[in-house]
Amino acid sequence: MKSNWKKIMATTALTSVLAASAMAWSGAGPYGKGGDPMRMFGYMSERLDLSDEQQTEVGALMAVAKQERSEDKSRMKELRSELMAMKADFDEGRAQSIADEIGQITSRMVYQMSSTFAQVYGVLDADQKAELDSMLAKRGDRSGSWKRTKGDPQ
């Protein structure tokens with residue numbers, strides 16, 4: 001009975017983590033709705049008035065990032081499927097191994113996103129950087145506003 005209880009608790013915890021992970025990954029990403037870098041590129045290109053040369057350079061950076069992200073997203077999908085398949089026959093060792101790999105992939109994706117952003121930022125001139133900083137600050141203000149309640153300071 002005790003062994004079954006541990007399996008039930010482990011499966012419940014794993015299912016909760018997977019559900020939260022799926023919701024996080026399917027939501028709006030760092031590049032706008034659905035995490036589409038090309039959508040962000042189009043918006044940024046218009047808003048920052050990128051030159052043709054800048055558009056070419058930023059487009060190439062985004063294309064490389066999209067390819068790298070695509071491979072990682074594909075592997076994440078495989079790993080999630082494998083975890084979900086364990087619901088009837090949970091293997092703690094394999095689940096931990098999969099969780100570790102998911103952590104490595106997530107780390108790589110976050111680093112890659114930050115690196116790409118820094119490279120794109122480096123392509124911009126001083127006025128464009130100031131405008132982008134302003135856009136990001138406004139976005140940050142908006143994203144946290146739904147969390148505030150009536151009595152909270154703004």
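**View 1. The largest nonpolar core of the predicted model**. Twelve residues in all form this core: Phe-41, Met-44, Leu-48, Leu-50, Val-58, Leu-61, Met-62, Val-120, Val-123, Leu-124, Leu-132 and Met-135. Two or more of these residues come from each of helix H2 (37-47), helix H3 (52-85), helix H4 (92-123) and helix H5 (126-145). The greatest contribution is that of H3, which supplies 3 residues. In soluble globular proteins, nonpolar side chains tend to be buried together.

**View 2. The second nonpolar core**. This core is separate from the largest one and has 10 residues, among them Leu-83, Met-86, Ile-105 and Met-109.

**View 3. Surroundings of Leu-83**. Leu-83 belongs to helix H3. Its relative accessible area is 4%, under the 20% cut-off, and Leu-83 therefore counts as buried. Between Leu-83 and Gln-96 the C-alpha to C-alpha distance is 9.8 Å, with 13 residues separating the two in sequence.

**View 4. Confidence by element**. The pLDDT of the protein averages 75, and 66% of the residues score at least 70. Among the elements of the protein, H4 has the highest mean pLDDT, 91. The lowest mean, 49, belongs to helix H1 (residues 2-26).

**View 5. Stretches with pLDDT below 50**. Residues 11-33 have a pLDDT below 50, and this stretch makes 31 contacts in the model beyond near neighbours in sequence. Residues 146-150 also have a pLDDT below 50, with 4 contacts in the model beyond near neighbours in sequence. Where pLDDT is low, the predicted coordinates should not be read in detail.

Note on methods
Residues are numbered from 1 along each chain as its sequence is written. This is a predicted model: local features need pLDDT of at least 70, side-chain atom pairs count only at pLDDT 80 or more; totals for chains, interfaces and linings use all residues. Side-chain values use heavy atoms; hydrogens and water are left out. A nonpolar core is a set of buried Ala, Val, Leu, Ile, Met, Phe, Trp, Tyr and Cys residues joined through side-chain atoms within 4.5 Å. Buried means under 20% relative accessible area, exposed over 50%, partly exposed in between (1.4 Å probe, protein chains only). Helices (H or I, at least four residues) and strands (E, at least two) are DSSP runs, numbered from the N terminus. pLDDT is the predictor's confidence in each residue, from 0 to 100. Contact means heavy atoms within 4.5 Å.
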